[in-house]
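Visitor: I am new to reading protein structures, and I would like to learn how the words people use are tied to the numbers. Could you show me one and let me ask about it?

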Amino acid sequence: MRRRRFVAITGAAAPVLAWPVRAQAPRIARVGILTPNPKHPRAAKVIQALGELGWEQGRNLAVELRSADDLPQRLDALAAELVRLKVDVIVAVQTPAALAARRATASVPIVLAGIGGDPVALGLVRSLAMPDGNVTGITGLGTDLAAKALELVRALRSPTR
């Protein structure tokens with residue numbers, strides 16, 4: 001009889017006992033931003049864009065900003081520091097930061113923000129169609145895109161007869 005009573009009481013109390021588990025604070029996302037220059041506008045734009053998406057520092061977001069103070073030789077150590085801090089993602093601003101982040105980790109996701117050049121030729125991704133690994137983002141493939149744009153203009157201007 002005692003056992004049935006115990007089961008009935010704990011069964012009835014289970015929702016109340018589980019309440020503290022449900023009331024835990026939301027997980028805070030940790031974003032590492034790696035930049036060669038402390039005044040680079042793209043770092044501030046990343047933080048602003050996250051805010052527009054509902055991410056608020058101190059509430060559900062922690063930003064770890066690391067700048068090499070225009071000393072590119074410091075980027076490797078700063079990238080390794082972000083990995084040790086166990087950030088959820090590294091936003092690499094400019095090519096030197098992206099290369100340092102790539103050297104520092106093969107598991108933490110890296111988002112490219114404004115790199116110059118071809119990420120395949122730089123060794124950041126295997127191919128543009130199938131980047132593989134932990135690197136993604138955008139690039140300024142200006143010369144390749146300019147050549148393609150000229151090709152399209154020529155195709156539009158040529159007679160089809």
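**From values to words**

Guide: Gladly! Let us start with Asp 69, which is called partly exposed because its relative accessible area is 44%, and partly exposed is the class between under 20% (buried) and over 50% (exposed). Please keep in mind that this is a predicted model.

Visitor: Where is Asp 69 found, and what is its phi?

Guide: Asp 69 is in the loop that runs between strand S2 (61–67) and H3. Its phi is near 50°, a positive value in a residue other than glycine.

Visitor: Which loop holds Gln 94, and what is the phi of Gln 94?

Guide: The loop between S3 and H4 holds Gln 94. Its phi is positive, about 80°, although Gln 94 is not a glycine.

Visitor: Why is Gln 94 called partly exposed?

Guide: Gln 94 has a relative accessible area of 27%. Buried would need a value under 20% and exposed a value over 50%, so Gln 94 counts as partly exposed.

Visitor: Let me step back to the whole chain. What pattern does the chain follow along the sequence?

Guide: The pattern reads α-β-α-β-α-β-α-β-β-α, with five helices and five strands in the chain. Of the 161 residues, 28% are buried. The chain exposes about 11,000 Å², and 61% of that comes from carbon and sulfur atoms.

Visitor: What share of the contacts between residues at least 6 apart join residues at least 24 apart?

Guide: The share is 56%.

Visitor: What makes Leu 75 count as buried?

Guide: Leu 75, in helix H3, has a relative accessibility of 1%. The cut-off for buried is under 20%, so Leu 75 counts as buried. Setting aside neighbours within four places in sequence, Leu 75 is in contact with residues including Leu 34, Thr 35, Pro 36 and Ala 68. Its C-alpha atom is 6.2 Å from that of Ala 97, although the two residues are 22 apart along the chain.

Visitor: How do you know that Ala 98 is buried?

Guide: Ala 98 has a relative accessible area of 0%. Set against the cut-off of under 20%, that value makes Ala 98 buried. This residue is found in helix H4, where Thr 95, Ala 97, Ala 100 and Ala 101 are also among the buried residues. Not counting residues up to four places away in sequence, Ala 98 touches Ala 92, Leu 112, Ile 115 and Leu 124.

Visitor: What do the buried residues of H4 pack against?

Guide: They pack against strand S1 (29–35), helix H3 (75–84), strand S3 (89–93) and strand S4 (110–116).

Visitor: Why are H3 and H4 called oblique to each other?

Guide: The two helices pack at an angle of about 50°, and their axes are 8 Å apart. Angles under 35 degrees count as roughly parallel, and those from 65 to 115 as roughly perpendicular. An angle of about 50° belongs to neither class, and H3 and H4 are therefore oblique. Their crossing is right-handed.

Visitor: Which residues of H3 and H4 meet?

Guide: From H3 come Leu 75, Asp 76, Ala 79, Ala 80 and Val 83. They meet Pro 96, Ala 97, Ala 100, Ala 101, Arg 103 and Ala 104 of H4.

Visitor: How many residues does the largest nonpolar core have?

Guide: It has 20 residues, and those with the most contacts inside it are Leu 34, Ile 90 and Leu 112. H3, S3, H4 and S4 are the elements that give two or more residues to this core. Apart from it lies another core, of eleven residues, including Val 31, Ile 33, Val 91 and Val 93.

Visitor: Why might nonpolar side chains be buried together?

Guide: I can offer a general tendency: in soluble globular proteins, nonpolar side chains tend to be buried together.

Visitor: One last residue, please. Why is Gly 137 not called buried, but partly exposed?

Guide: Gly 137 has a relative accessible area of 47%. Buried means under 20%, while exposed means over 50%, so Gly 137 is partly exposed. Gly 137 lies in strand S5 (residues 135–140) and, leaving aside neighbours within four places in sequence, is in contact with Val 111 and Leu 112.

Terms used
Residues numbered from 1 in each chain as written. Predicted model: local features only at pLDDT ≥ 70, side-chain atom pairs only at ≥ 80, totals over all residues. Heavy atoms only, no water. Helix = DSSP H or I, 4+ residues; strand = E, 2+ residues; numbered from the N terminus. Buried < 20%, exposed > 50% of the residue type's maximum accessible area, 1.4 Å probe, protein only. Contact = heavy atoms within 4.5 Å. Areas by Shrake-Rupley, 256 points an atom, 1.4 Å probe, with all protein chains shown as cover. Core = buried A, V, L, I, M, F, W, Y, C linked by side-chain atoms within 4.5 Å. Axes fitted to C-alpha atoms, helices over the stretch in contact; angles between N-to-C directions. Parallel < 35°, antiparallel > 145°, perpendicular 65-115°, else oblique. Left-handed = near helix turned anticlockwise from the far one by under 90°.
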